[in-house]
Amino acid sequence: MDRKEINISYTEYGSLDELSAEDRELAHEAVEATGNSYAPYSGFNVGAAIRLDDGTVVTGSNQENIAYPSGLCAERTAMFYAAARYPDIPMDTIAIAASSGGALCREPATPCGACRQVMAEYQSRGGHPIAIILVGAEKIWKFSRVDDILPLIFDSLGK
Ligand code: THU
């Protein structure tokens, strides 16, 4: 028997001012994108902003539906749009923010498992890590690659 450990490291910032200018800009875009969320059923407004390798920024927000499973998270809305519109430009960084009752959530919003799996696929397709910035009003977390929010990624149909 051999006991193993997986270590995950990330950076916590106390304010957007501590981010680099381009990350701060992306975080602002994610917050702004919460305003385009259509979430009449949950009241939870999520925004995502993706910076591509060429600097292009694509945003998305959660889009709900009265047939609940037909809706889609902000992250996947943004990633699918980015991949559909710019299939040959890898994704560099995704920023995510959420608001409720009109105010940015205090804690960073962490992406659901399905969105993490989709991020993993685009990271592998793009050939380099995708960084993830989770924006809360009181703290911001930055992960340098999808592996850090989705350990033991399912990425092979057989080795
Ligand atoms: N949601 C996202 O947009 N991203 C996530 O990673 C988790 C959840 C949305 C889906 C739904 O519209 C609302 O938040 C409540 O689950």
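This passage describes the surroundings of the ligand and the packing of helix 2 in a predicted model.

The shell around the ligand is made up of Ser42, Phe44, Val46, Asn62, Glu64, Cys73, Ala74, Glu75, Pro111 and Cys112. Sorted by class, six of these residues are nonpolar, two are polar and two are charged. Polar contacts to the ligand involve both side chains and backbone. In the side chain of Glu64, an N or O atom lies 2.5 Å from an oxygen atom of the ligand. The side chain of Glu75 places an N or O atom 2.8 Å from a nitrogen atom of the ligand. At Cys112 the contact comes from the backbone, where an N or O atom is 2.9 Å from a ligand oxygen atom. The ligand taken alone exposes 370 Å², of which the protein buries 74%. Two elements, strand 2 (44–52) and helix 2 (74–85), each give two or more residues to the shell.

Helix 2 was then examined for its length and its packing. Because each residue is expected to add 1.5 Å, the twelve residues of helix 2 should span 16 Å, and the distance of 16 Å between its end C-alpha atoms agrees with this. The buried residues of the helix are Ala74, Glu75, Arg76, Ala78, Met79, Ala82 and Ala83. An α-helix has 3.6 residues a turn, so residues three or four places apart point the same way. The buried residues of helix 2 pack against strand 2, strand 3 (57–61), strand 4 (91–100) and helix 3 (113–126). Of the buried residues, Ala74 and Glu75 also belong to the shell around the ligand.

Key:
Residues are numbered from 1 along each chain as its sequence is written. This is a predicted model: local features need pLDDT of at least 70, side-chain atom pairs count only at pLDDT 80 or more; totals for chains, interfaces and linings use all residues. Side-chain values use heavy atoms; hydrogens and water are left out. A residue is near a molecule or strand if one of its heavy atoms lies within 4 Å of it. A polar contact is a pair of N or O atoms within 3.5 Å; within protein, one must be able to donate a hydrogen and the other to accept it, and residues adjacent in sequence count only if both atoms are side-chain atoms. Accessible areas come from the Shrake-Rupley method with a 1.4 Å probe; for residues, only the protein chains shown count as cover. Helices (H or I, at least four residues) and strands (E, at least two) are DSSP runs, numbered from the N terminus. Ala, Val, Leu, Ile, Met, Phe, Trp, Tyr, Cys and Pro count as nonpolar, Asp, Glu, Lys and Arg as charged, and the others, Gly among them, as polar. The expected span of a helix is 1.5 Å times one less than its number of residues. Buried means under 20% relative accessible area, exposed over 50%, partly exposed in between (1.4 Å probe, protein chains only). Contact means heavy atoms within 4.5 Å.
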